[in-house]
Amino acid sequence: MLFNCQSNILKAIENSTVKIEELDLKKSDEIREKIIQLYCEKNHVDFLWDDLLEYSCISDPNAWKLIKKLVKNKCVLFFNKSDDKSMFLINSGDDLDYILSETCGFEFYITNLECLYLLCFSHHDILYGCGLAYDWIQHIN
């Protein structure tokens with residue numbers, strides 16, 4: 001069953017100044033594949049956080065609030081493929097924070113267009129960091 005994260009996000013920003021861009025399916029697939037190649041086990045199924053190779057993490061129900069301190073520039077927000085295939089390009093960490101504070105109930109992933117890092121907030125209230133985000137999370141701990 002799809003959670004339709006897309007409609008939740010669009011509803012959250014409809015009366016705000018936050019502007020996002022939905023990435024086309026080809027670009028979304030390229031990003032997802034690169035993330036899997038860089039950060040996941042070869043036998044990856046669906047939940048990226050469950051297949052991460054090397055990561056640091058924080059267990060805290062409010063850890064998602066830290067993302068705004070870590071992500072300053074444009075970023076890509078996406079979800080487990082079985083929940084929603086949509087990916088959104090977001091202009092800043094502040095805009096991302098607004099979106100996350102106005103929505104709830106889904107696991108999500110954050111990266112940049114170059115896939116230099118991966119952040120994930122899982123339904124277990126764990127914030128994972130890979131790539132450049134590995135050190136970010138280590139520094140917070």
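**Exercise 1. Classify E30 by its accessibility in this predicted model, then place it in the fold.**

Solution.
- Step 1. The relative accessibility of E30 is 40%.
- Step 2. Buried means under 20% and exposed means over 50%. E30 therefore counts as partly exposed.
- Step 3. Helix α2 holds E30.
- Step 4. Now take a partner far along the chain. E30 and L113 are 83 residues apart in sequence, and their C-alpha atoms are separated by 9.9 Å.

**Exercise 2. Describe the surroundings of C115 and decide whether C115 is buried or exposed.**

Solution.
- Step 1. Locate the residue. C115 sits in the loop between β5 and β6.
- Step 2. Its relative accessible area is 2%, so C115 is buried.
- Step 3. List the contacts, without residues up to four places away in sequence. C115 touches I31, K34, I35, L38 and Y39.
- Step 4. Take one of these partners, I31. The C-alpha atoms of C115 and I31 lie 7.1 Å apart, with their positions 84 residues apart along the chain.
- Step 5. Check the backbone. Phi of C115 is near 60 degrees, a positive value in a residue that is not glycine.

**Exercise 3. Find out where D125 lies and what is notable about its phi.**

Solution.
- Step 1. D125 belongs to the loop between β6 and β7, the latter spanning 126-131.
- Step 2. Phi is near 65 degrees, again positive in a residue other than glycine.
- Step 3. The relative accessibility is 29%, so D125 counts as partly exposed.

**Exercise 4. Which residues touch the most other members of the largest nonpolar core, and which elements supply at least two residues each?**

Solution.
- Step 1. The largest nonpolar core has 27 residues.
- Step 2. I67, L77, F79, L96, F108, I110 and L119 touch the most other members.
- Step 3. Helices supplying at least two residues each are α1 (5-13), α3 (67-70), α4 (93-102) and α5 (132-140). Strands doing so are β3 (75-78), β4 (87-90), β5 (108-111) and β6 (117-121).
- Step 4. Zoom in on I110. Beyond four places in sequence, I110 touches V71, C75, V76, L77, L96, Y117, L118 and L119.
- Step 5. Another core lies apart from the largest one. This other core has 20 residues, including I35, I36, L118 and Y128.
- Step 6. Add the general background. In soluble globular proteins, nonpolar side chains tend to be buried together.

**Exercise 5. Work out how α1 and α4 pack, and which residues meet.**

Solution.
- Step 1. Choose the descriptors. Two packed helices are described by the angle between their axes and the distance between the axes.
- Step 2. The axes of α1 and α4 come within 9 Å and cross at roughly 110 degrees.
- Step 3. The range 65 to 115 degrees counts as roughly perpendicular. The two helices, α1 and α4, are therefore roughly perpendicular to each other.
- Step 4. From α1, the residues I9, A12 and I13 take part; from α4, Y98, I99 and E102 meet them.
- Step 5. Sort the contact residues by type. There are 5 nonpolar, no polar and 1 charged.

**Exercise 6. Which residues of α4 are buried, and what covers them?**

Solution.
- Step 1. The buried residues in α4 are G93, D95, L96, D97, I99 and L100.
- Step 2. Their cover includes the helices α1 and α3. It also includes the strands β1 (20-22), β3, β4 and β5.
- Step 3. Look just ahead of the helix. S92 is found in the loop between β4 and α4.
- Step 4. S92 has a relative accessible area of 18%, so S92 is buried.
- Step 5. Leaving out residues up to four places away in sequence, S92 touches K72 and N73.

**Exercise 7. Where does S56 lie, and which backbone oxygen is 2.7 Å from its side chain?**

Solution.
- Step 1. S56 is in strand β2, residues 56-59.
- Step 2. Its relative accessibility is 5%, so S56 counts as buried.
- Step 3. A polar atom of the S56 side chain lies 2.7 Å from the backbone oxygen of Y134.
- Step 4. Neighbours within four places in sequence aside, S56 contacts L127, Y128, G129, A133, Y134, I137 and Q138.

**Exercise 8. Trace the contacts of E41 and state its accessibility class.**

Solution.
- Step 1. E41 lies in the loop between α2 (25-39) and β2.
- Step 2. At 33% relative accessibility, E41 counts as partly exposed.
- Step 3. E41 touches D51, L52 and L53, without residues up to four places away in sequence.
- Step 4. E54 is 13 residues from E41 in sequence and 9.6 Å away in space, C-alpha to C-alpha.

Notes. Residues numbered from 1 in each chain as written. Predicted model: local features only at pLDDT ≥ 70, side-chain atom pairs only at ≥ 80, totals over all residues. Heavy atoms only, no water. Helix = DSSP H or I, 4+ residues; strand = E, 2+ residues; numbered from the N terminus. Buried < 20%, exposed > 50% of the residue type's maximum accessible area, 1.4 Å probe, protein only. Polar contact = N/O pair within 3.5 Å; in protein donor to acceptor, adjacent residues only side chain to side chain. Contact = heavy atoms within 4.5 Å. Core = buried A, V, L, I, M, F, W, Y, C linked by side-chain atoms within 4.5 Å. Axes fitted to C-alpha atoms, helices over the stretch in contact; angles between N-to-C directions. Parallel < 35°, antiparallel > 145°, perpendicular 65-115°, else oblique. Nonpolar A, V, L, I, M, F, W, Y, C, P; charged D, E, K, R; others polar.
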